[in-house]
Structure formats: C-alpha cells, structure tokens
Amino acid sequence: MKYIMIETAGHVDHGKTSLVQAVSGKNTDTLPEEKKRGMTIETGFTSFKLNEEIIAIIADVPGHENFISNMLMGSCFADIIYLLVDSKEGIMPQTVEHIKIISHLSPNAIVIAVISKIDLVDCERIEELKRDIHSFLVKENIKKFYIQCFSAISNSGLKEIFDLTEKIAISIERTRDIRPFRMSIARVFSLKGIGTVVTGYPFLGEVNLNSKLELLPLRKICTVKNIQVAGYNLKNVSIGTTIALNLRNISKNDIKIGYTLADINSFELKIKAIANFKIDDSISEFKSGKYIFFSGTFKNIVKVKVLNSKQEIVVFFKDKVVCEEGDKFILRSINPQKTVGFGIINKTFIEHDSIKEKKKSEIVKLDDSIKNKFIKILQKYSSCGISLGNLEKEIYMPSNKFKYYIKLLRDEQILKVFNNFVLLKSDYDSIKNKFIKILKEKKICGLSDIRELIFGGRHFLISLLEEFDREGITIRTENGRILK
Ligand SMILES: Nc1nc2c(ncn2[C@@H]2O[C@H](COP(=O)(O)OP(=O)(O)OP(=O)(O)O)[C@@H](O)[C@H]2O)c(=O)[nH]1
Ligand SMILES: [Mg+2]
C-alpha cells in the first residue's frame, strides 16, 4: 500500500474542512470548541482510499491567523496541497501566508488550488479568480499547480479533484530511506489496555515493529509495540506519512509535543545553529532578539542573532534539542505574533560549542608541540621523578590547562601519575619490570632495593612502592615487599 500526504491551506472559512469532508466522508472539526465556533482550531487528520493501492492521509489545518501556531505544528511535509480560495473573497492574507509556509516546508508539493463555494458566484467571477490565482502561484514560485472549482453544496467539481489527486498520487514515487529513523512527535496519549501512543511525522528513515527507539532530548529508550498508518497495523513504515506508534517502557508523562523519537545514538543534541534565512516580504525591520521557532512539531522561544548579511542568523536554543543541517524552520515574532521569515539550518553546534565550553575545547586540543614539551621535561627527571607541583612550575601554563593536559597524557599512557609524582610511563614501566626481576630473585625487597633503580627522596620512593601494591604487583609485609 502506498500512503500519500495531503495538507489543506487557505484563509479562514474558505472551505478547507468542507472539502476534506467531501473527499474523505469525515468531519475533522471534532473539538467541542471547533463545533461551537464553526472553525478549525487544531490540525485535524483523516484518510481516504484513492484506489486499491493508495491511501491519502489528509491534514486539515486551521485558517484563522490566531491559529497559525497550531497550523505550523501540524505541518511538516505534504505531497499535495489543497489550497482553498473562497470564490467571493479571493486571495486573502492567510492564503498568502499559508502558501509561503507550506512551500518552504514542502517545496516539491503539488498544489491543487480549489476555488470554493462556486454556488455563490457567476462564471465571470470564476474566470477572474482563475487568472488571479494563476499569477499569485507563479509569483510565489510554486513549481507545479492545478486550478479546480468546487461547491460543497452540490459537490460539483468533487470528482475532478478526486481524480486529479489520484493521478498525482500514482506519479509519486516512494523509495526506501536507509537513514536513521527520526520522527517529530505531534501528539501523545494513553489508551486503556494499549498504553502510550504517539503520533507524528517521520523526517527520516524507517521504523520496524519491536525496534528500540530513543526519546530525545531525554535519551530514554522505548520499544515499538505497534505501528499504525491511517488505522492500519503495519510491520514497517517509512517517511512520507504521519504515523502512530504504540510504545512500551515509556510513560505518556515522559513525552512532550515536539520531542523526537529516533534510532538509538543516531542524533546528538544541539544548543546552537547557524541558518540561512529569508525574511518575509511583509517585514520591514528584522533585528536580533527573541523569536518563536517552529520546526517539525517543535515550538520554542529562541534567541536569534542576525548576522551582517541578514541572510544568515544564529539561533540559540534554551535547552538542548534535536536539530540537524537541512532542517527547515519558521520564525515568528512574539508580540504581535507574526511570521518573520523562513530558515534552513546549515551548521549546528553540540553543547561544548557554547562560548564558555569553546574555551575548554580549545584547551583540550593536545597537539604534538605540547606533548613534546611535557616529554622533554619528564625525560630530565627520568632518574628521580618530579612532583606535579614542580612540573607545573617548569611547564609554565595556567593551572586548569595544566590539569587538562595531565589528564589527556595519562589517558594516552604517556605519563604515569602516582600520589602527586609523575614519571614518563615508559620509565615507570622499566623500573617496575626491573623491580619485579629483583623480587623474583630475592623474594623480598625494601626501600634500599628500589633505591638501586631510581634516585629520589624517601617520599617519592615510598609512593612508587605503594603504587606497585595498588597495581596488584606487590604486597607489603612486615619485612618488606613480596610479589603478589
Ligand atoms: N455556500 C457554500 N458554503 C460553503 C461551501 N463550503 C463551505 N461553506 C461554508 O463556509 C463556512 C466555512 O467552511 P469550512 O469548511 O469550515 O472552512 P475552513 O476553511 O475549514 O475554515 P477554518 O478551518 O476555520 O479556517 C461553513 O459555514 C461552510 O458551511 C460551499 O461550497 N458553498
Ligand atoms: Mg477548517
């Protein structure tokens, strides 16, 4: 079975939900508030069969400008867009805003512009509107579009819309996506006897029954108990449609809208991103500051720094998020809420790339010149060792930097630190081996024996012997050290 994704678009009351009801037989305005106000508030989902092989999933978005936020969280991608234009009102502000948003998020979607409520106008008006819509869609760079007429009263035009949708759907090719699975969570609920269910949009990859997934940013692991698309249980599903997953080992309370479900260890969390940005034509001034960031079903307030060119911005996230190069997003102003522009992420930064952490990461780069500097000094003390304090004085660098390098040199097995003394690891090993040899011959050894092998104060030599004990080579007895 092939699944294709349709999304509605258009100004408030232009007939989106009525068309969805006509094609699918279902009313997606199910909330009491939606029924009372006669308008869509949250994106509604339904599906219908186009033929024996293709099911269309349809996301019916709200048209009112107050609900653009809900519209954004409900739209991630679409194969086909039903753009409704009321035959009396013509192109209105949200006709324009929706098409800009959707064409940014789904640049390859094919638009079926539907002139609605044709029972209310004459042929002349319809012809005029066809011309208006044509030039509007050309201006908005919509690559492929059709214009159809429709009346929800008589269902005139319904068959043409259905047939056209089927024709387009047949031409859509679905290929397997072998990238790691990544899905943006749109809804979460718990069903009695079934457990936790999430719905959302797979961005990448495919998911299989019983596979283990990671909930991000929490990094909690869960198992896929069931997969559904349009009410059908499936063993495997790929990108290209909204899906529902029944999850084991995770509670509804762990999950928030906008979180990500992904293949385990496939995505790092990001704190900052640089993006290409296109400011909306309606915006006269775009400044650095706080904005609302929408990407997939994720919505959050972010800090934005506008770079000189104005075509690039830096986005600072409040918390760590899943954000990858190529991700598309929309920015809206906070007060008044207005679409400011459209972005594509082109560089992301993991946690240490915040300014404070960057300094740290610069320190930890252990290049050969630093390594050699340590080695050279330690070679001077091959025959007697040196305390960490004296080494720090000789190497002459800030204490935090010194400690970092010591840790890295230890990790690289270049030096050996024991009770505040340091030796090159090779020197330490050589003394250790010689000491073992003597112990094998003499069976019992003391301070004088180790003194034969290396100079150094009493405190240094005792520390060395204690280190052999700690490594499990020797045991301390009343008369001296014996081999363990
Ligand atoms: N006469 C006539 N009225 C229609 C037609 N289609 C829809 N309407 C009416 O227009 C109003 C709005 O229709 P909806 O389908 O809810 O519009 P919508 O675009 O979904 O509205 P929002 O979701 O709130 O943006 C309703 O009262 C419908 O009955 C039509 O073809 N002819
Ligand atoms: Mg509606």
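How many bridges pair strand β20 with strand β21, and in which sense? Five, in the antiparallel sense, between residues 328–332 of β20 and residues 339–350 of β21. The legends below take that pair and several other spots in turn.

A few ground rules before the close-ups: this is a predicted model, where local features need pLDDT of at least 70, side-chain atom pairs count only at pLDDT 80 or more, and totals for chains, interfaces and linings use all residues. Residues are numbered from 1 along each chain as its sequence is written, and chains are lettered from A and ligands numbered from 1 in the order in which they are written.

**View 1. The four domains of the chain.** The assignment splits the chain into domain 1 (2–171), domain 2 (182–263), domain 3 (269–349) and domain 4 (355–484). These bounds come from an automatic or database domain assignment. Taken over C-alpha atoms, the centres of domain 1 and domain 4 are 73 Å apart.

**View 2. A six-stranded barrel.** Going round, the strands run β16-β19-β18-β17-β20-β21 and close up with antiparallel pairing. From one strand to the next, the twist averages 40 degrees. Angles here run from 0 to 180 degrees between N-to-C directions, with axes as lines fitted to C-alpha atoms (for helices, over the stretch in contact). Strands are DSSP runs of E with at least two residues, helices are runs of H or I with at least four, and both are numbered from the N terminus. Two strands pair if DSSP finds at least two bridges between them.

**View 3. Strand β21 and its partners.** On the β20 side, I330 stands opposite F342 of β21. A hairpin of six residues links β20 to β21. β21 also pairs with β16 (residues 269–279), again antiparallel, over nine bridges. In that pairing, I274 has K347 of β21 as its bridge partner. If you're following side chains along a strand, keep in mind that in a regular strand they alternate between the two faces of the sheet.

**View 4. Two cis prolines.** Most peptide bonds are trans, so here are two to zoom in on. The bond joining L216 and P217 is cis, with omega about 10 degrees, and P217 sits in the loop between β10 (212–216) and β11. The bond from N335 to P336 is cis as well, with omega near 0 degrees. P336 belongs to the loop between β20 and β21.

**View 5. V224 on strand β11.** V224 lies in β11, residues 220–229. It counts as partly exposed because it has 19 C-beta neighbours inside 10 Å; the cut-offs are 20 or more other C-beta atoms within 10 Å for buried, 12 or fewer for exposed, and partly exposed in between, with C-beta atoms placed from the backbone. Leaving out residues up to four places away in sequence, V224 touches V207, L209, N210, S211, L213, L245 and L247. Contact means that the two C-beta atoms, placed from the backbone, lie within 7 Å.

**View 6. The nonpolar cores.** The largest core has 94 residues, and I80, I81, Y82, L83 and V114 touch the most other members. A separate second core of 23 residues includes F374, I454, F460 and F468. A nonpolar core is a set of buried Ala, Val, Leu, Ile, Met, Phe, Trp, Tyr and Cys residues joined through C-beta atoms within 7 Å. Not counting residues up to four places away in sequence, V114 touches L19, Y82, L83, L84, Q148, F150 and I161.

**View 7. A three-stranded open sheet with a helix on it.** The strand order is β22-β24-β23, with antiparallel pairing. β22 (386–387) and β23 (415–418) are the edge strands, each pairing on one side only. β22 meets β24 (residues 421–424) over two bridges, and I386 has V422 of β24 as its bridge partner. Helix α11 (residues 425–442) packs on this sheet, touching β23 and β24, and its direction makes about 90 degrees with that of β24.

**View 8. Two asparagines with positive phi.** Most residues other than glycine have a negative phi. N419, in the loop between β23 and β24, has phi near 45 degrees. N420, placed in the loop between β23 and β24, has phi near 70 degrees. N419 counts as partly exposed because it has 14 C-beta neighbours inside 10 Å; N420 counts as partly exposed with 13.
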